[in-house]
Amino acid sequence: MGAHGSTEHRSDTVRDREIAGEQSHLDTVYRRLEEKLAEAEYILEDAAKRVQVGTPGALAERDAQVYRAGAHLQRLNNEFEDFLFGRIDLQQADAPEEHGIPSQTPLDPSDPAVAESLHIGRLGVLDAEYGPLVIDWRAPAAAPFYRATPLEPGRVVRRRVIRSKGRKVIGVEDDLLRPDLAPTLDGEELAVVGDGALMATLGRARGHSMRDIVSSIQKEQDEVIRAPAAGATLVTGGPGTGKTAVALHRAAFLLYQDRRRYAGGILVVSPTPLLVSYTEGVLPSLGEEGQVAIRAVGSLVDGIEASRYDSPEVSRIKGSARMVQLLRRAARAALELGAPTELRIFARGRVLRLDAGRLKAVRGNVVGGGGTPLNLLRPRARRLLLDALWSEAVRDLPKPGTYAEREQRQEERESFDEQVSDEAPFLAFLDAWWPAITPRRVLATLKQHRHTNRIARRAVTPEEARLLAASWRHLDERGAGELSAHDVALVDELQVLLGEPARPKVREVDAVDLLTGLDEVTTYGERAYRQRERVPEERREYAHVIVDEAQDLTPMQWRMIGRRSRMATWTIVGDPAQSSWPFPQEAQAAMDEVLAGKPRRRHTLTVNYRNPAEIAEVAAKVLELAAPGTPSPSAVRATGAHPRFAAVREPDAAAFGAAARAELERLLAEVDGTVAVVVPMDRRAEAAGWTAGLGGRVVALGSLEAKGLEYDATVVADPTGIAGESEAGLRVLYVALTRATQRLTVLSGPDDLPDAAGVPALLK
């Protein structure tokens, strides 16, 4: 006992000493940050004193100074958790550094001493002599923190993860990458504390928001994050390989690497609003805000938030590229629906009439063979209607022969146009015959089965037309009502087909104009700020697009995203084995069309950091059914906690709910973090009742809502129901089984009773 106690005491003493050393360095860093804060505040105060400087150039310079100082001040004022999170101790390089990256040549056993140490953090910090106190995690010099491994340590002797809360260091975890050496630092033996940084990180309890992985990025993940931006970077990887986190850290890296280039904005597309909420805190924790938009695929169209879910049968139709043909016909049909069939105007002393045949011919001439959006054709429709009316007016008159007669006829025509085009009957007819059509109104016309079936022709089958019409039956005549994520892509397509109707230009008059007749002298920055205040508009084009869970995108959704990225570079992450879209070849063709001509580089993530081996083994059985021959990612840890299988034999919803609630209560007692119950989509409301009163650590999710999320413990309820939801049901079940980081319970109903060993037939 005495020897064991002595070892523990010595270990605690070493840990305390190492924490104290890191605390001393962190204190130095924060003192320097306070100095930089004071400098930034001084710059802002100095700029404020120069409000009255006279020249436009001086005002522009002041604006730029204020902007830079304000942005710097905002970043410095962020209270980052784990601001300083890492350290690498490096041996003397055997070769000079290349492009700022320390040499990765092997260690020389004859010179075991550590030559230098670098601290890694969320932002770079220099001391007063411009020496590095903290290296920005995205800088080339920080790459060995992520790239070094025991097999290829390069110059890295020891890698340390530093945990802090506020300004206090609370722990350190070390990886000694060359245990065969006896390295020293400043003449003392190099201490090694803890059981390894990665395992310590993986063991922490989860919350309802994703943590950044900046302190635990692994080599294959770092290679993706730092990959060149040009063209398209395609990343595949199974559950738990960190695809979403890697994509977000890549956005931060690209901004660090070339902020000017990506001032056009970075768009991150997520499959669900839940995943957006789960991930939206990652980039602010990395010091990046403002230039990255994280949007769910159902909220990419301004002013619309998808809130409905389509059935698998309807989703399959709406997502197909066949909808482009159907929507083109629907837009034209909506324009004609209810249009008047006769135009009567009194002009030049008589009634001028255009019958249905003439109007049909005029409409055909308006549309022509081009692809001009229909709403933008209204001026052309007005002009051709006037042409037709004028032809009717002069039908019985002889053609002008002389130059003077032609001039006279032209003057008469101009007078005719001016008279007729301002008359209320003509304007009322034009509004009814060529109205401004909205995408929602087009969808509303499709809720009538006969109409949808009539215009569908070979685009969709009669049965598919019936399903489509039924899915929009809740919309009113203007198209108001809830839409699904698939509907949003259709609305975006219709916006292109219809276009925005022309609006009269109205000049805003400043009060100074009214008093003095002069515009107030302002800087560009002030005018831009005022414009933002008046018209908040979402960005329509981005410099880089990151697509998360890309395997779920339909062809129509690929078209929608492609419109926001015509000149963009791409990062696309996904896993075909987790796809809920049943026609991957069609989706691949749509993606290829969007990426046409762009060079592609491919990466594969192979290590599962989320699931313990015990859970991964169960999921692998479903993977073999869902995607035969697909390799499972390798789990890095085992916990000894095997998944629990339970069953409810009574075909009674109340009994099933009671069993599910009992499992949730048991798991809440076993883990410190979050617990989820995942059910088939049509049982979401039922599952919400199971969680009532259990507290904020518990959530209920439909099978399609669980994508990308992770919890300390998960109850997968009714796995047979999840597997039978659609053609992709087994892949969706595979997703559900891979959400847990510690504990998993599979709760089956009477349709999938377990065998004597307690394993459901589906998971044997």
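Helices and strands are taken as DSSP runs and numbered from the N terminus. In this predicted model, the loop between β10 and α7 contains threonine 272. The relative accessibility of threonine 272 is 7%, so this residue counts as buried. Apart from its neighbours within four places in sequence, threonine 272 is in contact with Ala296, Leu704 and Glu705.

The two elements that flank this loop also take part in an open space of the structure. Both β10 (266–270) and α7 (273–279) supply at least two residues each to the lining of the second largest pocket. The other elements that supply at least two residues each are α9 (312–318), α18 (485–498) and α27 (729–737). Of these, α9 provides the largest share, three residues. The second largest pocket encloses about 900 Å³ of space. Its lining comprises 46 residues, and those nearest the centre of the pocket are Tyr309, Ser315, His486, Ser580 and Leu704. Leu704 also appears among the contacts of threonine 272. By class, 18 residues of the pocket lining are nonpolar, 15 are polar and 13 are charged.

Enclosed spaces were examined next. Rolling a probe the size of a water molecule over the atoms shows where empty space is left. Two cavities of 30 Å³ or more are present in the structure. The volume of the largest cavity is about 60 Å³. Its lining is formed by Pro239, Asn608, Asn611, Ala616, Ala619, Ala620, Ser632, Pro633, Tyr734 and Thr738. Helix α23 (residues 613–626) is the element that gives the most to this lining, with three residues. Six of the lining residues of the largest cavity are nonpolar and four are polar, while none is charged.

The second largest cavity, with a volume of about 40 Å³, has a lining of another composition. Leu267, Arg295, Leu300, Asp302, Arg539, Arg540, Tyr542 and Arg564 surround the second largest cavity as its lining residues. Five of them are charged and three are nonpolar, with no polar residue in the lining.

The packing of one helix, α22 (residues 584–594), was considered in detail. Its buried residues are Ala587, Ala590 and Met591. These residues lie on the same side of α22, because they cover an arc of only 100° around the axis. An α-helix has 3.6 residues a turn, so residues three or four places apart point the same way. The exposed residues Gln585 and Glu593 are carried by the face of α22 turned away from its buried side. The partners against which the buried residues of α22 pack are α21 (555–562), β15 (569–574) and β16 (600–605).

Charged side chains form a further set of interactions. Side chains of opposite charge can pair when their charged atoms come close. In total, the structure holds 53 salt bridges. One of these joins arginine 87 to aspartate 89, with a distance of 3.0 Å from N to O. Arginine 87 has a relative accessible area of 10% and is therefore buried. For aspartate 89 the relative accessible area is 0%, and this residue is likewise buried. Aspartate 89 also forms a salt bridge with arginine 158, in which the closest N and O atoms are 2.7 Å apart. Because aspartate 89 belongs to strand β1 (residues 84–91) and arginine 158 to strand β5 (residues 156–165), this pair ties together parts that are 69 residues apart in sequence. Arginine 158 is buried, its relative accessible area being 1%.

A salt bridge between helices is also found. Aspartate 387 pairs with arginine 413, and the closest N and O atoms of the two lie 2.5 Å apart. Distant parts of the chain are linked in this way, since aspartate 387 is in helix α12 (residues 378–393) and arginine 413 is in helix α13 (residues 403–421), 26 residues apart. Aspartate 387 counts as partly exposed, at 27% relative accessibility. Arginine 413, by contrast, is buried, with a relative accessible area of 14%. Elsewhere, Arg17, Glu18, Glu22, Arg87, Asp89, Arg158, Arg160 and Asp174 are joined into one network by salt bridges that share partners.

Methods
Residues are numbered from 1 along each chain as its sequence is written. This is a predicted model: local features need pLDDT of at least 70, side-chain atom pairs count only at pLDDT 80 or more; totals for chains, interfaces and linings use all residues. Side-chain values use heavy atoms; hydrogens and water are left out. On a 1 Å grid over the protein atoms alone, a cavity is a set of points where a 1.4 Å probe fits but cannot get out, and a pocket is an open set with protein on both sides within 12 Å along at least five of seven lines; lining residues have an atom within 4 Å of a point. Grid points are joined across faces, edges and corners, and a volume is the space filled by probe spheres set on the points. Helices (H or I, at least four residues) and strands (E, at least two) are DSSP runs, numbered from the N terminus. Ala, Val, Leu, Ile, Met, Phe, Trp, Tyr, Cys and Pro count as nonpolar, Asp, Glu, Lys and Arg as charged, and the others, Gly among them, as polar. Buried means under 20% relative accessible area, exposed over 50%, partly exposed in between (1.4 Å probe, protein chains only). The arc is that of the directions from the helix axis to the C-beta atoms. Contact means heavy atoms within 4.5 Å. A salt bridge is a side-chain nitrogen of Lys or Arg within 4 Å of a carboxyl oxygen of Asp or Glu.
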